[in-house]
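Trainee: Please pick one spot in this structure and look at it closely with me. I'd like to follow each step of the reasoning.

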Amino acid sequence: MEQQAQAQELRGLFHMLDHTAKIAEDASLTGAFSGGETRCITQFNNTLARLRALNAVPDGLFEELHAEASFGQIGIACHQLAAYLNEGLDSTADSKGWFSSFFGERFMENLTEEATDKPLGDMIRKAVPDFLTETTLEDIAETFPVTAGGKLTIDADCGGIDVQSTDDDTLSIRVQRAAQIKANRRAAEILKNLDVQIIHEASDVKIVAKFIGSAKRWQKRKNDLDVQFDILVPRHYNLDLKTACDDISVVNVTGDVNVETFRAGLRLQEITGRIDGVTSLGNIDLKAFNGDAVLQTTAGNIRIADGTGDVKTKTSGGNLQVVQVIGAVNGRASGGNIILRGCTGGADLKNAGGSIEVENDGPVLAKNAGGSIRCHLQEVSANQSLLLDLETTGGSVNVSLVPDIAATVEAKVLSGSVTTEFPVTVEASGTVKPDQLQGIINGGGPLLKLRSVGGNIILRKIEADQPEEV
């Protein structure tokens, strides 16, 4: 009789878990029952305590829900406990049926593929689709009256930043926050420790988003967090943006732009004003700009196109490409290739371990250690004293010039040869040797200073209206 009563009680607890799970599932998917988490958490914890008292579940296998558990966490916990009880009950409702109907057949396939010696909770959490194990906080949305020429400052421990412009004299902010609890059920708790402060003073707005507590704790879980700052600013506005991770994007802004991130990329487009961008282990893309730019990345690629202004840029371990830029280019790379195409203005380039390829109107200074240099030059200013100063170690120097160019040549190689398609006039003090060439082309002009160690130097003619592909 006692056993029959206990079995009946177990079935009652089983069905209560079923009912609670369905409530939590509906709330998780629809957003209904706001504020009802506390009741469900209490119900689950009381059920678990009773099951332990009946010796229906072993100690240590299931944990109580913490006070801030989400509906998603409640639903999964109820399913886990009910699945365990189902093995010992003769019930028409089975946990596999619940899982299949709610999560789909693919969920059950994923679950059965897991090793049977793993804890049930880990197995279920890994098998659940990502979107069902994401917990979100309510968006932060604010709008402030500002005027053109103000400044937006963001200092965030994490989160992507997207800034675009509007014709209104307002600044609008939307902060979206989510945590993926599939890999770590503590991620939601960590997300709640992100303290977002917004300060509005006259025409300026400052956003500070910092984690409360140990930095080591949230840094280990930052890949499980999804934070996004979407901002609309007046078209004429200054930006100072910094995030410890995730991408930064700025589009269509007139003003000074200062951006910094880590292990992520920078995307900058249609900016008029000075640009400063720094990232580590991320790519930088700058397009359609008007103003001087300073860009640096540790191990990513840099792509710059369609702009006017002097550019200073550096990458370690990535490629550097500058296309259709009017202005002086100062470029540094280590281990990647440097490419300039369709540029107008001087270029000062250094590389180590990759090639340098230049199509440029204006003087070019280029040094390379461990790679070749190719230079295509069509137009020369009448008042230039220096045309090219190219030096490489471990590679060749290949220079293409229009046939009527007037220049003075100083070319030397070590362990290589110098060849030319141009007639070179050698003065009395000039030199013609296989490894040296000193003289003038078409009456003389700006200096061509060329050096190579371990490679050849080649001077060749190109048609003025047929740019060479470099």
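Mentor: Happy to! Let's begin with D285, which has a relative accessibility of 25% and therefore counts as partly exposed. That label covers values between the buried limit of under 20% and the exposed limit of over 50%. Keep in mind as we go that this is a predicted model.

Now look for the partner of D285. Side chains of opposite charge can pair when their charged atoms come close. Here D285 forms a salt bridge with R303, and the closest N and O atoms are 2.7 Å apart. D285 belongs to strand β13 (residues 284-290) and R303 to strand β15 (residues 302-308), so this pair ties together parts of the chain 18 residues apart in sequence. R303 is also partly exposed, because its relative accessible area is 34%.

This pair has company, as the count of salt bridges comes to 12. Let's compare a second one, between K210 and D155, where the closest N and O atoms are 3.2 Å apart. This pair links distant parts of the chain: K210 is in strand β6 (residues 204-211), D155 is in strand β2 (residues 151-156), and they are 55 residues apart. K210 has 30% relative accessibility, so it counts as partly exposed. D155 is partly exposed too, because its relative accessible area is 26%. There is a third member to find here, since D155, D157 and K210 are linked in a network of salt bridges.

A third example sits within one helix. K22 and D18 form a salt bridge, with the closest N and O atoms 3.7 Å apart. Both residues lie in helix α1 (residues 2-30), 4 residues apart, which is about one turn of the helix. An α-helix has 3.6 residues a turn, so residues three or four places apart point the same way. The two ends of this pair get separate labels: K22, at 44% relative accessibility, counts as partly exposed, whereas D18, at 10%, counts as buried.

That idea of turns also helps with the next helix, α2. Its 17 residues (37-53) should span 24 Å at 1.5 Å a residue, and the end C-alpha atoms are indeed 24 Å apart, so the two values agree. The buried residues of α2 are C40, I41, F44, N45, T47, L48 and L51. Looking down the axis of α2, you would see these buried residues fall within an arc of 160 degrees, so they line one face of the helix. Turned away from that buried side is a face with the exposed residues T38, R39 and A53. Just after α2 comes N55, with a positive phi of about 60 degrees.

To finish, visit two buried residues in strands. I356, in strand β21 (residues 356-361), is buried because its relative accessibility is 0%. Beyond its neighbours within four places in sequence, I356 is in contact with several residues, including I338, L349, A366, I373 and R374. I356 and L340 are 16 residues apart in sequence, with their C-alpha atoms 8.3 Å apart in space. The other residue is N398, in strand β25 (residues 397-401); at 18% relative accessible area, N398 counts as buried because the limit is under 20%. Leaving out residues up to four places away, N398 touches I373, R374, C375, I458 and R460.

Terms used
Residues are numbered from 1 along each chain as its sequence is written. This is a predicted model: local features need pLDDT of at least 70, side-chain atom pairs count only at pLDDT 80 or more; totals for chains, interfaces and linings use all residues. Side-chain values use heavy atoms; hydrogens and water are left out. The expected span of a helix is 1.5 Å times one less than its number of residues. Buried means under 20% relative accessible area, exposed over 50%, partly exposed in between (1.4 Å probe, protein chains only). The arc is that of the directions from the helix axis to the C-beta atoms. A salt bridge is a side-chain nitrogen of Lys or Arg within 4 Å of a carboxyl oxygen of Asp or Glu. Contact means heavy atoms within 4.5 Å.
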